[in-house]
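Colleague: I've got this model open and I'd like a close look at one part of it. Could you walk me through what you see there?

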Amino acid sequence: MTQSCGKLLLDAVRTPAMAVTLDLRSWDDLLRLARRANLISRLAEGIDQAGVLNKLPAPVRPHLIAASALAQHQRRAVIWETRHIGTALSALGIPIVLLKGAAYSMAGLQAATGRLYGDVDILVPATRINEVEAALMLHGWSAGHVDAYDNRYYRRWMHELPPMVNIKRGTVVDVHHNILPLTARNHPSAEKLLAASLALPEAPFHVLSPCDMVIHCATHLFHEGELNNGLRDLFDLDALVQEYAENDASFWTTLPERAKELDLEWPLRLAFRYLERFLGTRIPEQAKTSVKQSPILASLRDVMYLPGFLPDHPLCSGYRSFLARGLLYLRGHYLRMPLRLLAWHLGRKAFIRLYKNKSRSC
Amino acid sequence: MKEETAVVVGDLSLQQLHDALKQGVFAVRTGPLLFRIQSDFEDVARSIHALYSGHPCQIAPEFSDFHVEVRAPLNLRRWFRPQAEFFIDGEPPFEPLPRDQAPALLEWGMNWTIAASCHQWFTLHAASLERDGLAVILPAPPGSGKSTLCAALALRGWRLLSDELTLLDPNSLCANALARPINLKNASIDLMRKFAPTAIWSPESYDTQKGRVAHLCPPVDSVRRMADKAEPRWVVFPKYVPDADPLLTPRSKTQTFMPLAENAFNYGTLGEPGFDAIARLLDQCSCYDFIYSRLEDALEVFEWLAATSGLNAQGQQSSAEAQ
Amino acid sequence: MGELPAFPAMEERYAFHTWPDGCAVFDRFSGDTHILDTFSAVLFLSGLQVSPAVIEKLRLPVISDENLSSRLDDARRRLEKLKLPAAPPS
């Protein structure tokens, strides 16, 4: 079950034209899996682009139409929201580097297709972060519901401010000064990323350079405590490398070099491995060999990551995937902070969960 | 889509229904949607058996629009303070509730599922009812007496489309029927019990935020005709004011735009098509504020509305251009 | 890299719908919706240079000249606050 349900989802998102061959029972599974993996909009827009929507069974179509509507809206909304942020920050005269979904949308990249967004993420120079925070607060954003502990934790250890919520629109912006926390084992130089960033036609926005955008996406994916959006992020990566490789013949040579320069080779290594394995992305041999690692380590990682990528859905959930998810959560935190701090942090999180549950009882 | 079989929930014995729910193979049709429901809870089975007796159902259909489940949450609390939690595709969108609210939780969860995912429609937080193919839409905040009024109309000559969610096709603007149980609270429950002594109800449960809650079974005719759509003709904002005489006053269409947008679940999501839908809806509807205290008065006023539908349809001019 | 989503030209930026007592405006650039009273609507629509037939559907109340100019000033301020364009003062 586990294997075949993963295959159904991957095949359909990768090759939407094959969707016409699916029977109703498969659709019943596929829609649920795609919803849970946050891939339903990508599936819907892929099917739309392949022009096969009208060949699908009638009960399936409304769900895909709804998912497309949501994706189109989110693409527009992230642009609207980004512009509001730009208005608030333009007086500071610093480049605002858009990360992840907002960057894909504003730069008009393929990776924006069918993507669902949570927050807008921006990267600004660490030295100016207080000014950025103040300017946002002046324009209607405020630090969301973060307790004093979380606030201290964010400010002391993390690579970002606590999420800021716009009071009027309820939208959230995450302000980063680096792409990984100060506590993380590798901390790449944010200056290098900022220096290489590219200006978009619409000021004050920048995006990371193509190589940096791929490396950031990979780093983010494999540092995450949970892989709830793991497959979606992998599809983002796939879209990014394909589009960049098409436009720049030297992309596959410069990418590993840049990863080495930023001390972020291992996420790229993992990205290559799982892109090939799950999505069949074609990655040139020479790019792979330049970031290779020992086969034993690689197979150890597979135990952890392979089931973790599948949607956390009753259709897919076996014991193995449950275990893998637990391991991943620990691993995500391990990479981000030293162990002593980790135990303290997790202990506190568990305590709060219990306490909050209790206070809710009536 | 053609209705697959003529089997309705009432054709199953309570035991058969409970077994099917336990195995997660039971699916019930509510208007355009087929919900597959899983639950071990006996009170959930009893509630579905009572409230959905006339709704078409299927056992293990090939395809369902949504798969939902109500069960005990997986935490330690279940040993000392039993709870019920709603799941869609294995994910709980909200906090668990005390165990005895499981049947109500299923109803709220189904509403949430429709509001959160069905962007193929323009979805309004409003009650809607039909007469002679024309629909009246009652958008209103909680406490306005919207559900009570909706229940009374549904029991006296108007066909219930929905008590909470009005689903409009974005192109034709036609309203879909869901024919779901009507959610009533506190004094409204007693009022309706007196108003319609033979109506069928779910058991009452007590919610700390809402007080007493119960669901009223939708009228037979509403359920039988739930595939029939209706064309919106009136938008009425009801307001219950104790001891007030009934007062129906026309509303400005311009000033009705934002209240409708704010009552839509997906106005923002649809973007311009949502804007366009409200503009056209206002063009084809007469808009009113309605103050009332006695249901008998309200019924009379709505009879008058229905009788004058042809008259009102004249002279609804406005212009629409997108520059 | 693909094209940046274009900044729409002014005349393509707004969708609107009028009734005798005002109009609703959808801003395609920001996603905002605005509701305008008759005076603001007249100023806004004249600014967009829509056909006079559209503007004639708005029913302006009959008022004295001095009241009219102060109402128009109010309307202009409202549009400014909403960051919507208005016809230039004549």
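Colleague: My eye keeps going to the open sheet in chain A: in what order do the strands come, and is the pairing parallel, antiparallel or mixed?

Modeller: Sure, but keep in mind that this is a predicted model. The sheet in chain A is an open one with seven strands, and reading across you get S3-S4-S5-S2-S1-S7-S6, with mixed pairing. The edges are taken by strand S3 (141–143) and strand S6 (198–199) of chain A, and each has a single partner strand, so one side of each is left without a neighbour in the sheet.

Now look at S1 and S7. Strand S1 (residues 96–99) of chain A and strand S7 (residues 205–207) of chain A run parallel, joined by three bridges. If you want a spot to zoom in on, go to A:Ile96, which stands opposite A:Phe205 in S7(A).

Next, bring a helix into view. Helix H4 (residues 61–89) of chain A lies across S1, S7, strand S2 (120–123) and strand S5 (172–176) of chain A. Against S2(A), H4(A) runs at about 40°.

While you're in chain A, have a look at another helix, H11, which covers residues 251–261. Buried here are A:Leu255, A:Pro256, A:Arg258 and A:Ala259. These four sit on the same side of H11(A), because they cover an arc of only 160° around the axis. The general rule behind that kind of pattern is that an α-helix has 3.6 residues a turn, so residues three or four places apart point the same way. As for what they pack against, the buried residues of H11(A) meet three helices of chain A: H9 (210–223), H12 (265–279) and H13 (285–289). Just past the helix, H11(A) is followed by A:Asp263, which has a positive phi, near 60°.

For some context outside chain A, turn to chain B. Chain B has 11 helices and 18 strands, and 50% of its 323 residues are buried. Its C-alpha trace spans about 60 × 45 × 40 Å along the principal axes. A compact globule of 323 residues would have a radius of gyration near 20 Å, and chain B agrees with that at 20 Å.

Finally, chain B touches chain C, in a contact that takes 16 residues from chain B and 20 residues from chain C. On the chain B side, the elements giving two or more residues are helix H7 (253–262), helix H9 (272–284) and strand S18 (319–322). H7(B) gives the most, with five residues. By class, that side of chain B has seven nonpolar, six polar and three charged residues.

Note on methods:
Residues numbered from 1 in each chain as written. Chains lettered and ligands numbered in written order. Predicted model: local features only at pLDDT ≥ 70, side-chain atom pairs only at ≥ 80, totals over all residues. Buried ≥ 20, exposed ≤ 12 C-beta atoms within 10 Å, placed from the backbone. Arc of directions from axis to C-beta. Contact = placed C-beta atoms within 7 Å. Pairing = 2+ DSSP bridges. Axes fitted to C-alpha atoms, helices over the stretch in contact; angles between N-to-C directions. Rg over C-alpha atoms; globule rule 2.2 N^0.38 Å. Nonpolar A, V, L, I, M, F, W, Y, C, P; charged D, E, K, R; others polar.
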